[in-house]
Amino acid sequence: MSTSKEILDYVKNHPSGKVKLAVADIDGILRGKYVAAEKFASLVEGRLGFCDVTFGWDANDVAYDNGKYTGWHTGYPDAQVKIDLSTFRKIPWEYDVPFFLGDFIDDQEKANHVCPRQLLKKLISECENEGFSPLFAQEFEWFNFSETPETVHEKGFTNLKPLSPGMFGYSILRSTYQNAFMGDLFELLNKFDIPIEGLHTETGPGVYEAAIKYAPALQAADQAILFKTAVKEIAYKHGILATFMAKISENLPGCSGHVHQSLWDKNNKINLFYDENEPDKMSGIMKSYIAGQLHCLPHILPMIAPTINSYKRLVKGAWAPTTVTWGIDNRTTALRALPGSKKASRLETRIVGSDTNPYLAISACLAAGMYGIKNKLKLEQPATKGNGYTDLSNGILSRNLFEATQKMKNSDLAHELLGADFVDHFTMTREWECKQYAKVVTDWELKRYLEII
């Protein structure tokens with residue numbers, strides 16, 4: 001369905017008489033509601049009032065005490081949400097109920113400066129004004145447990161039963177063991193307009209990995225954020241709980257959310273990252289884009305490593321990068337260049353974890369890469385060959401969320417890339433996250449100190 005009339009007719013005639021709507025908060029959590037089909041028709045022409053606490057509380061619905069955008073001092077009024085008809089989907093595991101995403105944008109078409117989807121739209125527009133069409137894709141690894149929300153809470157989030165035991169990466173055997181779930185994932189996600197290119201088990205008990213087909217950057221981000229929630233909902237149907245935490249255990253590999261990216265001409269016909277005349281097949285545009293990410297990403301690291309837990313994944317020898325490096329088809333570096341062919345030449349940013357907000361992760365990658373192109377940066381840092389964990393020539397990534405957040409907060413470069421108002425709000429939310437963690441007594445502390453000290 002490509003026309004507004006066809007979409008509205010589908011909504012009007014759907015037997016459920018309702019529509020499901022969602023917006024993304026700063027953590028990449030979809031907040032939404034059902035609305036009556038009759039009410040939806042009026043919302044399309046105007047705006048939906050949605051409480052601005054969406055950007056005034058954390059992932060656990062605890063209100064920030066250090067925010068400027070909204071809070072007790074503002075009374076938590078409604079913000080205006082514009083429904084994006086182009087995001088129309090039918091939810092196949094929910095009787096094909098119509099579904100839409102929305103943007104925080106007022107009736108004067110002014111974007112809300114804290115809205116992640118609007119930030120990405122702005123950066124895409126800037127990229128297109130430079131003559132490029134950004135195509136992106138995000139892939140995800142995640143753990144699955146034979147648990148429900150009730151059993152997880154009853155167990156205190158400990159001793160959870162994995163969907164399957166053992167380390168079975170790329171296992172044909174294990175993909176058969178829970179085939180009803182894996183089959184539903186592949187089929188239902190595709191029906192939900194999230195085209196899956198690959199789905200397999202990853203190393204670790206009950207770990208899966210999925211690659212989503214590349215698309216224009218905004219569409220890719222929509223697909224990625226919907227993928228995470230869709231997987232959780234499909235898992236519920238099978239008595240399974242899925243998690244996109246970056247690191248579930250110190251004894252197991254972490255879960256990535258690698259971002260693949262390339263720049264094409266305006267007609268999406270020519271991959272501008274590819275140059276057949278270069279020995280490495282990498283164009284000057286691709287090299288400047290890589291140089292931009294090497295220069296900028298350390299300044300905006302919380303955008304792609306947003307939680308306390310993110311940094312437990314970014315440790316030496318755990319299939320996640322720790323150094324500011326790049327290489328050609330090298331999985332130990334932060335940036336993995338894949339300049340293989342006219343169609344497939346791309347950059348994979350491997351710092352990104354599965355716990356990211358896709359709008360912010362893709363925004364960070366695009367803004368940093370475009371900085372390199374706009375400023376004509378040269379890729380003077382040589383490609384790392386071999387073990388990227390030992391290549392300290394260009395420095396290391398921040399070791400924890402607090403360190404990374406302070407660097408971003410005080411970075412003129414971050415303000416230039418993303419805007420001062422957004423950086424101010426976003427770093428406030430990350431400082432809040434650090435504050436919540438700092439006051440908690442952990443199991444590690446009890447086991448280490450309770451008896452012996």
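Look first at how α3 passes α10: the crossing is left-handed. Keep in mind as you go that this is a predicted model. Helix α3 covers residues 116-129 and helix α10 covers residues 358-374, and their axes come within 9 Å of each other, crossing at roughly 25 degrees. What does that angle tell you about how α3 and α10 are oriented? Angles under 35 degrees count as roughly parallel, so α3 and α10 are roughly parallel to each other.

Now zoom in on the residues that touch. On the α3 side you'll find Pro116, Arg117, Leu119, Leu120, Leu123, Ile124, Glu126 and Cys127. Facing them from α10 are Tyr359, Leu360, Ile362, Ser363, Leu366, Ala367, Met370 and Lys374. Sort the residues of this contact by type and you get twelve nonpolar, one polar and three charged.

Helix α3 has another partner to show you. It packs with helix α7, residues 217-237, at an angle of about 155 degrees, and the two axes are 10 Å apart. Here the angle is over 145 degrees, so α3 and α7 are roughly antiparallel to each other. The crossing of α3 and α7 is right-handed. Arg117, Leu120, Lys121 and Ile124 of α3 make this contact, together with Ala217, Leu218, Ala221 and Asp222 of α7. By type, the residues where α3 meets α7 split into five nonpolar, no polar and three charged. If you compare the two lists, Arg117 shows up in the contact with α10 and in the contact with α7.

While you're at α7, stop at Lys228, which sits in this helix. Is Lys228 buried or exposed? Its relative accessibility is 11%, and anything under 20% is buried, so Lys228 counts as buried. What does Lys228 touch, once you set aside its neighbours within four places in sequence? The answer is Phe140, Phe244, Ser354, Asp355 and Thr356. You can also look from Lys228 to Ala242: they are 14 residues apart in sequence, and their C-alpha atoms are 9.0 Å apart in space.

Next, hop along to another helix pair. Helix α11 (residues 401-409) and helix α13 (residues 420-438) have axes that come within 10 Å and cross at roughly 160 degrees. That angle makes α11 roughly antiparallel to α13. The crossing of these two helices is left-handed. From α11, the contact uses Leu401, Phe402, Thr405, Gln406, Met408 and Lys409. From α13, it uses Val423, Phe426, Thr427, Arg430, Glu431, Glu433 and Cys434. This contact of α11 with α13 divides into six nonpolar, three polar and four charged residues.

Helix α12, residues 412-418, is worth a quick visit too, and Glu416 is found there. With 55% relative accessibility, Glu416 counts as exposed. Try finding Tyr371 as well: it is 45 residues away from Glu416 along the chain, yet the C-alpha atoms of the two are separated by 9.7 Å.

Now for the cysteines. A disulfide is a covalent bond between the sulfur atoms of two cysteines. How many disulfides does the structure hold? It holds zero. Take Cys51, which is in no disulfide: the nearest cysteine sulfur belongs to Cys115 and is 15 Å away. Cys51 has a relative accessibility of 29%, so it counts as partly exposed. Cys127, which you met in the contact of α3 with α10, is in no disulfide either, and its nearest cysteine sulfur, that of Cys365, is 13 Å away. At 1% relative accessibility, Cys127 counts as buried.

Let's finish with the backbone in a loop. Most residues other than glycine have a negative phi. Which way does the phi of Asp61 go, positive or negative? It is near 65 degrees, a positive value in a residue other than glycine. You'll find Asp61 in the loop between β3 (48-51) and β4 (78-91). Asp61 is partly exposed, with a relative accessible area of 40%. Tyr76 is also found in the loop between β3 and β4. Its phi is positive as well, at about 50 degrees, although Tyr76 is not a glycine. With a relative accessible area of 15%, Tyr76 is buried.

Definitions and conventions. Residues numbered from 1 in each chain as written. Predicted model: local features only at pLDDT ≥ 70, side-chain atom pairs only at ≥ 80, totals over all residues. Heavy atoms only, no water. Axes fitted to C-alpha atoms, helices over the stretch in contact; angles between N-to-C directions. Helix = DSSP H or I, 4+ residues; strand = E, 2+ residues; numbered from the N terminus. Parallel < 35°, antiparallel > 145°, perpendicular 65-115°, else oblique. Left-handed = near helix turned anticlockwise from the far one by under 90°. Contact = heavy atoms within 4.5 Å. Nonpolar A, V, L, I, M, F, W, Y, C, P; charged D, E, K, R; others polar. Disulfide = S-S within 2.5 Å. Buried < 20%, exposed > 50% of the residue type's maximum accessible area, 1.4 Å probe, protein only.
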